[in-house]
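Here is a quick tour for the bench. Have the sequence and the 3D view open as you read.

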Amino acid sequence: MSESKRDALIAAAREAAAGAYAPYSNFHVGAALLLADGSVVTGANVENASYGLALCAETVAVAKILSTVEQGRLEAVAVTGGAPGAPGEGPTVTPCGRCRQVLNEIAQLGGTDPVIWCDGADEILELRLSELLPHAFGPANLA
């Protein structure tokens, strides 16, 4: 995938991070998911006073896709995070374990192994979902 697509998707993730509701951690995360048809769906983390009920940015974006758009084929994901107003200016952010599983669900539904761009001040990691979650459990295991 081209560097311009990567940069545009990371910019969309950074913009999404501005909409985070993170009064407890003060760590804003944004995610942008690129589908095969060119559409981009974003999400931001949503915290809750009962910490276990918080939603990660990737989970919010996947829920939007599964509930409002044709499932499509997940081609790429960009994830960023950091202090309010400064996403991408801190450590490189990767999807948490739960988000890797949630992303795997939508990837398996579309038969893809999307590229994942993990944004940070010092580097942008480029990995495939299968590298982040090898031997994943998903819809095919329940057939």
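What follows covers the sheet, the helices on it and the cysteines.

Please keep in mind that this is a predicted model. Its strands include an open, five-stranded sheet with mixed pairing, and a search of the whole structure turns up zero disulfides.

**The sheet**
- Reading across the sheet, the strand order is E2-E1-E3-E4-E5.
- The edges are held by E2 (40-44) and E5 (124-128); each has a single partner strand, so one side of each is left without a neighbour in the sheet.
- From one strand to the next, the twist averages 15 degrees.
- E1 (residues 28-35) and E2 run antiparallel and are joined by five bridges.
- Within this pair, Leu34 stands opposite Val40 in E2.

**Helices on the sheet**
- Helix H1 (residues 3-17) packs on the sheet and touches E1, E2, E3 (74-82), E4 (115-119) and E5.
- The direction of H1 makes about 140 degrees with that of E1.
- Helix H2 (residues 57-68) lies across E1, E2 and E3, and runs at about 135 degrees to E2.

**The cysteines**
- Why does Cys56 not form a bond with Cys99? The closest cysteine sulfur to that of Cys56 is in Cys99, at 3.7 Å, and this is too far for a bond, as a disulfide needs the sulfur atoms within 2.5 Å.
- Cys96 also has its closest cysteine sulfur in Cys99, 3.7 Å away, which is too far for a bond.
- Cys56 is partly exposed, with a relative accessible area of 24%.
- Cys96 counts as partly exposed too, at 33% relative accessibility.

Methods
Residues are numbered from 1 along each chain as its sequence is written. This is a predicted model: local features need pLDDT of at least 70, side-chain atom pairs count only at pLDDT 80 or more; totals for chains, interfaces and linings use all residues. Side-chain values use heavy atoms; hydrogens and water are left out. Buried means under 20% relative accessible area, exposed over 50%, partly exposed in between (1.4 Å probe, protein chains only). Two strands pair if DSSP finds at least two bridges between them. Helices (H or I, at least four residues) and strands (E, at least two) are DSSP runs, numbered from the N terminus. Axes are lines fitted to C-alpha atoms, for helices over the stretch in contact, and angles run from 0 to 180 degrees between N-to-C directions. Contact means heavy atoms within 4.5 Å.
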